Amino acid sequence: MRQSRLVCVLLVLLFLGGCAAKTEGPRSVTYYTYFDTVCTIYSYAGESQQKFDANAAAVAALLERFHQELDIYHEYEGIQNLCTVNRAAGGAPVKISQELTDFLLYAKALYNKTGEKTNVMLGAVLTLWHSCREAALADPEQAALPTQTALEEAFLHTGIDLLEIDAENSTVRITDPKASLDVGAVGKGYAAEQAARLLSQRGCTGYVLDIGGNLRMVGAKPDGETWVTGIRDPNGDGYAATVRLSDTACVTSGAYERFFTVDGKRYHHIIDPDTLYPAEGFSSVTVITPDSALADALSTALFCMRIEEGQALAAALGNVEVMWITADGTIQTTPGLSGQWCPGS
Ligand code: AMP
Ligand code: MG
């Protein structure tokens with residue numbers, strides 16, 4: 001399901017590459033080993049294969065580091081990652097890398113920035129939903145929801161201040177043994193942003209990073225053209241809309257991405273911290289803003305808010321455009337995106 005969405009996005013980009021007949025490219029390389037998803041690096045820069053390979057290798061090395069550091073399910077030899085941090089909850093501080101410290105400082109600050117909707121310390125609640133989803137997918141006949149009692153008990157262990165970060169010494173500690181980190185709402189977007197900055201430092205423009213559907217455009221195409229980006233129709237095949245973008249990020253949170261069904265009702269993976277249930281109201285929320293990490297965090301947060309609250313948050317942050325698609329296919333946008341998109345097919 002998730003992969004078919006990615007393929008759709010890729011097709012648009014490749015098609016456009018085909019249209020840009022006068023410039024060479026795009027060159028591209030796809031990795032299947034990072035973040036449990038498909039990551040593709042496209043270059044429209046018209047550079048040599050050798051130069052592209054060197055740039056792609058630098059990005060791949062960065063993605064591999066983040067893949068390992070942000071993994072909450074596995075530990076890796078030689079590093080202390082978020083799995084280590086979760087396992088040590090309630091115990092002593094864990095020494096982590098500077099890079100992971102910077103990520104956690106950013107992730108913790110998102111709580112206030114997103115109106116307390118994107119909470120990376122929601123792990124205790126998300127684990128309950130995750131387990132039910134895994135069990136339901138393994139045996140749909142036995143599909144069941146987490147109990148209200150279990151959800152409410154878990155919620156007691158989700159305070160953002162249970163995460164203590166010592167920036168000076170690069171250590172981190174979760175003070176409650178029942179609390180845990182889940183960075184699924186922001187990890188890929190953050191890694192995409194770091195990769196884009198790395199490419200910029202290397203003098204690259206005309207690149208597109210697709211990190212599991214988190215799109216980050218680095219500069220514009222060499223001919224100055226924008227990229228036409230497809231926003232998937234969450235209620236069907238194809239695209240609900242296309243937008244022309246350059247030098248920005250475009251991230252969608254979708255109810256169709258990961259879900260399970262109980263008694264004919266679908267339960268997806270974006271959990272509203274106020275209800276402890278999958279957020280209702282939208283099929284997808286897409287955020288367009290230059291910083292891919294913020295785009296990722298906001299797409300999750302806005303999914304959990306009423307549209308008026310989301311409009312207010314986007315306006316307060318500035319330079320944030322949003323497209324909301326409801327279950328009946330109605331599209332609403334921030335004022336800045338109004339008239340800037342085309343219906344898809
Ligand atoms: P995204 O697809 O970016 O919206 O991220 C969804 C993922 O983020 C889920 O699979 C969970 O791992 C996690 N998540 C879900 N709801 C929340 C929330 N309210 N705050 C923080 N993380 C969340
Ligand atoms: Mg997100």
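So, strands β1 and β2: β1 covers residues 27-31, and five bridges join it to β2, with the two running antiparallel. This is a predicted model, by the way, so keep that in mind. If you want a residue to click on, take Ser 28, whose bridge partner in β2 is Tyr 42.

Now look at the other neighbour of β2. Five bridges also join β2 to strand β6, residues 207-211, and that pairing is antiparallel too. There, Ile 41 stands opposite Leu 209 of β6.

Okay, so how many of the residues of β2 are buried? Five of the five, across residues 39-43, so the strand is largely enclosed by the rest of the structure. And you can split them by direction: Cys 39, Ile 41 and Ser 43 point one way, while Thr 40 and Tyr 42 point the other way, and all are buried.

Right, over to the metal. Which protein atoms are the donors of the magnesium ion, ligand 2? We've got the O of Ala 185, both O and OD from Asp 296, and OG1 of Thr 300, at 2.1 to 2.4 Å from the ion. Along the chain, the donors follow the spacing A-x110-D-x3-T. Ala 185 sits in the loop between β5 (171-174) and α7 (187-201), and Asp 296 is in helix α8, residues 292-303, so this pair ties together parts that are 111 residues apart in sequence.

Last one: is Asp 296 buried or exposed? Its relative accessibility is 6%, and the cut-off for buried is under 20%, so Asp 296 counts as buried.

Methods: Residues numbered from 1 in each chain as written. Chains lettered and ligands numbered in written order. Predicted model: local features only at pLDDT ≥ 70, side-chain atom pairs only at ≥ 80, totals over all residues. Heavy atoms only, no water. Donors = N, O, S within 2.8 Å, 3.2 Å for Na, K, Ca; no water. Helix = DSSP H or I, 4+ residues; strand = E, 2+ residues; numbered from the N terminus. Buried < 20%, exposed > 50% of the residue type's maximum accessible area, 1.4 Å probe, protein only. Pairing = 2+ DSSP bridges.
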